[in-house]
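Student: Please take me through this structure by asking, for each descriptive term, what justifies its use.

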Protein chains: 2
Amino acid sequence: MAEKVTIATVARHAQVSRQTVSNVLNAPHIVREETRRRVQEAIAALGYRANQAARQMRTGRSRLLAVRIEPTRDGINGSVLDRFLHGLTETADAAGYRVLLYTARDDDHEIATYDDLLGAYDLDAFVLTGTKHGDPRTAWLAEREVPFVTFGRPWDAPEAHPWVDVDGAAGTAQATRRLLDTGHRRIAFLGWPAGSGVGDDRRAGWRTTLAAAGLDGAALDRETEDGITNGEREMRDLLAHDGPPTAVVCASDSLALGALQAVRDAATPVAVIGFDDTPVAAAVGLTSLSQPLAVAAARCVELLTDLLDGQPTDPHVLLTPTLVLRHTA
Amino acid sequence: MAEKVTIATVARHAQVSRQTVSNVLNAPHIVREETRRRVQEAIAALGYRANQAARQMRTGRSRLLAVRIEPTRDGINGSVLDRFLHGLTETADAAGYRVLLYTARDDDHEIATYDDLLGAYDLDAFVLTGTKHGDPRTAWLAEREVPFVTFGRPWDAPEAHPWVDVDGAAGTAQATRRLLDTGHRRIAFLGWPAGSGVGDDRRAGWRTTLAAAGLDGAALDRETEDGITNGEREMRDLLAHDGPPTAVVCASDSLALGALQAVRDAATPVAVIGFDDTPVAAAVGLTSLSQPLAVAAARCVELLTDLLDGQPTDPHVLLTPTLVLRHTA
DNA sequence: CCAGAAACTTTGAACGATCCAATCCTGCCG
DNA sequence: CGGCAGGATTGGATCGTTCAAAGTTTCTGG
């Protein structure tokens with residue numbers, strides 16, 4: 001078995017000192033052209049790779065990003081995280097970072113995990129998904145000046161910390177406009193109870209677009225917890241009342257799927273639009289709003305690397321979802 | 001800002017030497033009870049955490065596992081990986097390991113990534129998902145004696161290396177038996193082209209169960225690439241021929257969903273059973289076979305830690321899927 | 001031809017943990 | 001009471017890298 005290749009091996013092979021090799025790696029411009037080439041040839045020839053542990057011990061930086069992987073809740077929206085993670089890993093790779101996973105039952109455990117990861121692994125930064133009002137996690141991290149980015153806006157204070165998000169209101173507005181353009185006038189909204197930033201945002205897009213068209217949807221606005229059965233129940237209820245809607249915009253694909261089942265045995269066809277463009281939507285032909293997850297992930301990594309390199313950038317990125325047209329609208 | 005807490009800080013605080021602290025952590029039994037307690041109190045009081053980088057440099061072990069995250073293909077089966085990852089992270093955590101993600105376009109890139117991860121991060125082990133016939137990745141790893149486990153059997157040589165898998169044949173057998181029990185006699189199978197280990201396995205379960213009941217399904221066996229539209233086409237074709245099936249077992253939820261759409265406008269009801277119990281199945285009420293992913297992940301970690309600790313265990317684990325009954329069968 | 005500066009290169013120390021070998025106790029036995 | 005065995009504790013060396021400072025060569029201009 002070949003002995004380990006260290007910076008000293010490379011140095012000997014290239015007839016220079018350790019430090020020169022280190023300079024070639026970390027500050028190439030201060031090394032003479034010809035020397036640099038010789039060192040790089042030695043590196044390639046020996047298959048040398050800088051030992052991260054040793055580097056980390058000296059510099060205190062690990063080139064590691066941590067991301068939480070949550071248990072898929074109702075399952076339907078799970079693959080959103082999946083695609084985000086993939087994008088994150090790919091972009092991080094390109095920037096010379098690696099992605100470490102962690103889980104946590106609740107906020108307290110999550111904070112304990114931060115402490116653990118920072119203490120034991122010297123993590124460089126965190127990516128959080130799904131922030132909520134008054135999030136204790138962001139407060140903890142900010143207090144300790146740990147670099148982090150959230151995928152999801154801080155709804156309390158938009159300037160509080162770096163974030164990347166998808167413009168839900170723009171999405172539902174786009175969906176509503178599409179329905180208006182195709183002749184619909186009685187357009188309902190199936191969303192979550194008021195109070196969640198994401199949910200309120202998505203509802204707002206629908207309401208303002210209706211208002212801009214001189215319509216008032218107040219009677220066609222429903223609030224319910226996420227889930228297929230909830231969606232179906234509310235939609236049946238909407239259809240049972242006077243002046244039933246001819247179309248519905250939903251805050252999630254789960255709700256939309258429920259609506260779709262309620263609509264199946266309706267007298268006249270009803271258009272349905274979901275949110276998240278999950279595999280289920282693709283499977284059943286549901287028109288839905290697709291989040292640019294790969295782009296979002298890439299921007300998260302970009303924000304973090306800039307932050308870690310001390311480069312100032314605008315730390316707030318808002319992306320627009322795309323309406324994917326299928327059979328249902 | 002508080003100064004960094006190292007093993008020396010703890011030693012000073014507990015009035016012992018560095019080595020004693022190290023012993024408390026790595027070989028508690030050789031330290032006197034009372035001393036051990038004193039050291040542990042100091043550790044707790046100071047919030048000390050062993051620096052992984054330093055430990056790794058000396059021991060050559062990183063307590064890091066690597067898992068590949070693949071781009072979700074047709075999307076429907078994506079969440080399978082998602083749930084597996086979550087289970088993996090949770091179990092690894094409990095065993096004192098962390099999970100590192102990586103991606104790779106193809107096998108060559110993946111092998112290059114192994115090299116990179118081993119060289120730079122001293123990775124302890126790899127978890128591979130989805131092995132295929134004559135996999136170059138497992139060969140590479142085995143040759144270098146890198147510990148790894150695959151989620152999925154090596155179909156060429158079952159004893160080649162440690163693996164965890166779900167018994168597909170047992171699953172489809174269970175599904176077929178269920179259909180037989182509820183009176184069905186003409187039970188079709190919608191699977192993938194022969195040649196893939198997983199696909200052949202799932203088909204075998206159906207065939208042998210039919211044979212055991214004295215039935216021959218040869219005429220009701222279809223092979224097609226995965227996907228909803230493929231499933232729908234094949235199912236329509238089956239229904240159009242003489243002696244159409246009254247039930248169908250599918251190799252995936254994608255195929256089952258296609259079958260479901262074909263069946264919708266059939267004269268008589270046809271039972272459909274899918275495989276993987278994806279969120280889509282739950283959403284549309286499709287009866288499907290559920291893989292015990294959390295258990296599989298846990299067993300993977302178990303196998304690896306045993307391997308790393310030099311403990312001999314039976315390195316081949318075959319788990320049985322569960323039939324989740326819903327509306328369609 | 002030499003002083004002085006510029007441009008690199010070399011050397012030694014440090015990061016924080018573990019391993020190794022040596023020393024210090026403590027209790028026990030002769 | 002001395003000696004000894006055995007476990008508990010200690011100090012020094014070490015892993016591979018980067019930082020800091022000192023050393024060397026090369027080049028330029030007077």
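Tutor: The discussion below moves from a helix pair to the two DNA strands and then to a sheet. The model is predicted: local features need pLDDT of at least 70, side-chain atom pairs count only at pLDDT 80 or more, and totals for chains, interfaces and linings use all residues. Residues are numbered from 1 along each chain as its sequence is written, chains are lettered from A and ligands numbered from 1 in the order in which they are written, and side-chain values use heavy atoms, with hydrogens and water left out.

Student: Why is helix 2 of chain B called roughly perpendicular to helix 3 of chain B?

Tutor: Helix 2 (residues 18–26) and helix 3 (residues 33–46) of chain B pack at an angle of about 90°, with axes 10 Å apart. Angles of 65 to 115 degrees count as roughly perpendicular, under 35 as roughly parallel, over 145 as roughly antiparallel and the rest as oblique. The term roughly perpendicular therefore applies to this pair. Axes here are lines fitted to C-alpha atoms, for helices over the stretch in contact, and angles run from 0 to 180 degrees between N-to-C directions. Helices (H or I, at least four residues) and strands (E, at least two) are DSSP runs, numbered from the N terminus.

Student: Which residues of helix 2 and helix 3 of chain B meet?

Tutor: Thr20(B), Val21(B), Val24(B) and Leu25(B) of helix 2 meet Thr35(B), Arg36(B), Val39(B), Gln40(B) and Ile43(B) of helix 3; contact means heavy atoms within 4.5 Å. By class, this contact has five nonpolar, three polar and one charged residues.

Student: What makes a residue count as near DNA strand D?

Tutor: One of its heavy atoms must lie within 4 Å of the strand. Around DNA strand D there are 27 residues, the closest being Ile7(A), Gln19(A), Tyr48(A), Arg58(A) and Ser17(B). Sugar and phosphate make up 57% of the atoms of DNA strand D that come within 4 Å of the protein. Helix 4 of chain A provides the largest share of this surface, five residues.

Student: How do you know that Tyr48(A) makes a polar contact with DNA strand D?

Tutor: A polar contact is a pair of N or O atoms within 3.5 Å; within protein, one must be able to donate a hydrogen and the other to accept it, and residues adjacent in sequence count only if both atoms are side-chain atoms. An N or O atom in the side chain of Tyr48(A) is 2.5 Å from a phosphate oxygen of DNA strand D. A polar side-chain atom of Arg55(A) lies 3.0 Å from a phosphate oxygen of this strand, and for the side chain of Thr20(B) the value is 3.3 Å.

Student: What does Gln19(B) contact on DNA strand C?

Tutor: An N or O atom in the side chain of Gln19(B) is 2.6 Å from a base nitrogen of DNA strand C. Ile7(B), in contrast, places a backbone N or O atom 2.4 Å from a phosphate oxygen. Helix 4 of chain B gives the most to the surface near DNA strand C, with five residues.

Student: Why are strand 7 and strand 12 of chain B said to stand at the edges of their sheet?

Tutor: The open sheet has six strands in the order 7-6-8-9-10-12 (chain B), with mixed pairing. Strand 7 (221–223) and strand 12 (322–324) each have a single partner strand, so one side of each is left without a neighbour in the sheet. Two strands pair if DSSP finds at least two bridges between them. Strand 6 (residues 187–191) and strand 7 of chain B pair in the parallel sense over three bridges, and Phe189(B) has Asp221(B) as its bridge partner in strand 7.

Definitions and conventions:
Nonpolar A, V, L, I, M, F, W, Y, C, P; charged D, E, K, R; others polar.
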